[in-house]
Amino acid sequence: MASTPHDADTLSQTFDLLVIGGGNAALCAAMTAQAAGARVLLLESAPIEFRGGNSRHTRNLRYMHERGNDHLTGPYLEDEFWDDLNRVTGGQTNEELARVTIRQSNNVGEWMTLHGVNFQPAMRGTLHLARTNGFFLGGGKALINAYYRTAAKLGVRILYDAEVTDLEIQDGLFKSATFVSRGLTQKVRTKAVVLASGGFQANLDWLKEYWGPPADNFIIRGTPYNKGRMLRVLLDQGAKPVGDPRQCHAVAIDARAPKFDGGIVTRLDCVPFGIVVNKEARRFYDEGEEFWPKRYAIWGRLVAQQPDQIAYAVIDSKSIDLFMPSVFPPIEAASIEEMAAKMELDPAALKETVAAFNGAVRPGRFDSNDLDDCTTVGLEPAKSHWARPLDRPPYYGYPLRPGITFTYLGVTVNDRAQVILQDDRPAANIFAAGEIMAGNILGKGYMAGFGMTIGTVFGRIAGKEAARHVLS
């Protein structure tokens, strides 16, 4: 449908439910509510060319299933799913909401297929995820395009370039929203609202409130439109906060990436196969602690804690084909000293670090698809797996920066996706889904594809419960 601005009275008379946001969670809520009989208006702050929030950068979704199918190689049941989540969060999760997420993700791939999403055949190799995660054919942009097509067919009205600037909330009840579309300020009144407008990772001033000046060196690999405006409005109007504002989904990305919107092609998966040093050419963490999909989300924070928030990955020619490469070519050198010079590191310091690492490596059976027995002895920090001497030139290097995808500070919700107020009352007609409430379930840490799981499950819950409210 065309995204033509409307007269405010017309909007208010036409729609039952307002959905704020334009990514996976928002679309799942909008499609579910419209299919249930509600008349839905969706306001996406981005222009149509950049619609979809962070979902357009995603590749896959983790969901519970009893058996393999044409895109998953085997079962992934509740107990294993819960154990994986409990491990990455260190127990910092609301178990009730976490189990709701896991259970209601059961076979969600079938629902997604019915709404236009296609999955690609299971992959193996460096991804390690083909049993637990389904990968979208065409990636996140294809998923988003499919959902927008389906939403439009269902009758959801969509306005792009429509940024909501304020909410009118009285005694915990949503009354109206003010938004700006193509320079025109409008107000829309509906019976309920679903907030699915993301976190505040693209708001550098807000990030600096918690991280200080180092936030200037962060790269925002996701959408530049998630500035947390609705999150701030909700918190200012009595929503109960949840989540540590310093926690975020942050991975190590190529330092040459653009400041915003670089997407997944800037992520570097080479860490387990070499060493990572800071600007002093010193290692600072176990690169082989676990499989990359279970640890990649800690490396952004680790790099953020280093001087000037920069680090460097170094591998040799034995490992150059073992990982998904960056969109940028590696720095190549014939010697460690030459590599140091090209990365503006102290050549003597890097040579010393590599020599100490090589001397600590013990021979073992190298297997990039398994937690192998290639490790170091007597080295601090140790490298637990995939430790092989860096001794076969040419050598390759990548500069690393913290790449933030989303933040964990959000609003508290219940199992109906209702926003909880500071006096612990649920707001009857205010619902939240996606990144804006992910902190209920992700106290810290991350595992691949789980952001999409939360968005899909709570988007559908929010849509169902909002429709129930407006149609009752």
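At what angle do helix α2 and helix α13 pack, and how far apart are their axes? In this predicted model, α2 (residues 24–35) and α13 (residues 450–471) pack at an angle of about 30°, and their axes lie 7 Å apart. Angles under 35 degrees count as roughly parallel, so α2 is roughly parallel to α13. The crossing of the two helices is right-handed.

**The α2–α13 contact**

On the α2 side, the contact is formed by Asn-24, Ala-25, Cys-28, Ala-29, Thr-32 and Ala-33. Their partners in α13 are Met-452, Gly-455, Thr-456, Gly-459, Arg-460, Gly-463, Lys-464 and Ala-467. By class, the residues of this contact comprise six nonpolar, six polar and two charged.

Gly-459 belongs to helix α13. Its relative accessible area is 0%, so Gly-459 is buried. Setting aside residues up to four places away in sequence, Gly-459 touches Ala-25, Cys-28, Ala-29, Ala-433 and Ile-454. Of these, Ala-25, Cys-28 and Ala-29 are also listed among the α2 residues that meet α13. The C-alpha atoms of Gly-459 and Leu-195 are separated by 9.5 Å, with these positions 264 residues apart along the chain.

**The six-stranded sheet**

An open sheet of six strands runs in the order β5-β2-β1-β9-β21-β20, and its pairing is mixed. Its edge strands are β5 (157–159) and β20 (418–420), each of which pairs on one side only. From one strand to the next, the twist averages 35°. Within the sheet, β9 (residues 192–195) and β21 (residues 426–432) pair in the parallel sense over three bridges. In this pair, Val-193 of β9 stands opposite Ile-430 in β21. Helix α13 packs on the sheet, where it touches β1 (17–20), β9 and β21. The direction of α13 makes about 140° with that of β21. Helix α13 thus appears in two packing arrangements, one with α2 and one with the sheet.

**Strand β13 and its surroundings**

Elsewhere, strand β13 (residues 275–278) is antiparallel to strand β14 (residues 311–316), and the two pair over four bridges. Val-276 of β13 stands opposite Ala-313 in β14. In a regular strand the side chains alternate between the two faces of the sheet. Strand β13 is covered on both faces: Ile-275 and Val-277 are buried on one side, and Val-276 and Asn-278 are buried on the other.

Thr-353 touches Ile-275 and Val-277, residues on one of these sides. Thr-353 sits in helix α12 (residues 347–360). Its relative accessibility is 9%, so Thr-353 counts as buried, the cut-off being under 20%. Outside the four nearest places in sequence, Thr-353 also touches Ala-281, Arg-282 and Arg-283.

**Loops and backbone geometry**

Several residues in loops have backbone values worth listing. The table gives two cis peptide bonds and two residues other than glycine with positive phi.

| Site | Feature | Value |
|---|---|---|
| Glu-380 to Pro-381 | cis peptide bond | omega about -5° |
| Pro-393 to Pro-394 | cis peptide bond | omega near 0° |
| Asn-107 | positive phi | phi near 55° |
| Asp-308 | positive phi | phi about 60° |

Pro-381 is placed in the loop between β17 (375–376) and β18 (395–407). Pro-394 is also found in the loop between β17 and β18.

Asn-107 lies in the loop between α4 (95–104) and α5 (108–114). The relative accessible area of Asn-107 is 25%, so this residue is partly exposed. Asp-308 occupies the loop between α10 (299–304) and β14. With a relative accessible area of 42%, Asp-308 is partly exposed.

Is His-65 buried or exposed? His-65 is buried, because its relative accessible area is 0%. This residue lies in the loop between β3 (60–62) and α3 (78–89). Beyond its neighbours within four places in sequence, His-65 is in contact with Leu-72, Gly-74, Pro-75, Tyr-76, Leu-77, Asn-106, Asn-107, Arg-131 and Thr-132. Asn-107, with its positive phi, is thus one of the contacts of His-65. Between the C-alpha atoms of His-65 and Val-276, 211 residues apart along the chain, the separation is 36 Å.

Note on methods: Residues are numbered from 1 along each chain as its sequence is written. This is a predicted model: local features need pLDDT of at least 70, side-chain atom pairs count only at pLDDT 80 or more; totals for chains, interfaces and linings use all residues. Side-chain values use heavy atoms; hydrogens and water are left out. Axes are lines fitted to C-alpha atoms, for helices over the stretch in contact, and angles run from 0 to 180 degrees between N-to-C directions. Angles under 35 degrees count as roughly parallel, over 145 as roughly antiparallel, 65 to 115 as roughly perpendicular and the rest as oblique. A crossing is left-handed if the near helix is turned anticlockwise from the far one by less than a right angle, and right-handed if clockwise. Contact means heavy atoms within 4.5 Å. Ala, Val, Leu, Ile, Met, Phe, Trp, Tyr, Cys and Pro count as nonpolar, Asp, Glu, Lys and Arg as charged, and the others, Gly among them, as polar. Buried means under 20% relative accessible area, exposed over 50%, partly exposed in between (1.4 Å probe, protein chains only). Two strands pair if DSSP finds at least two bridges between them.
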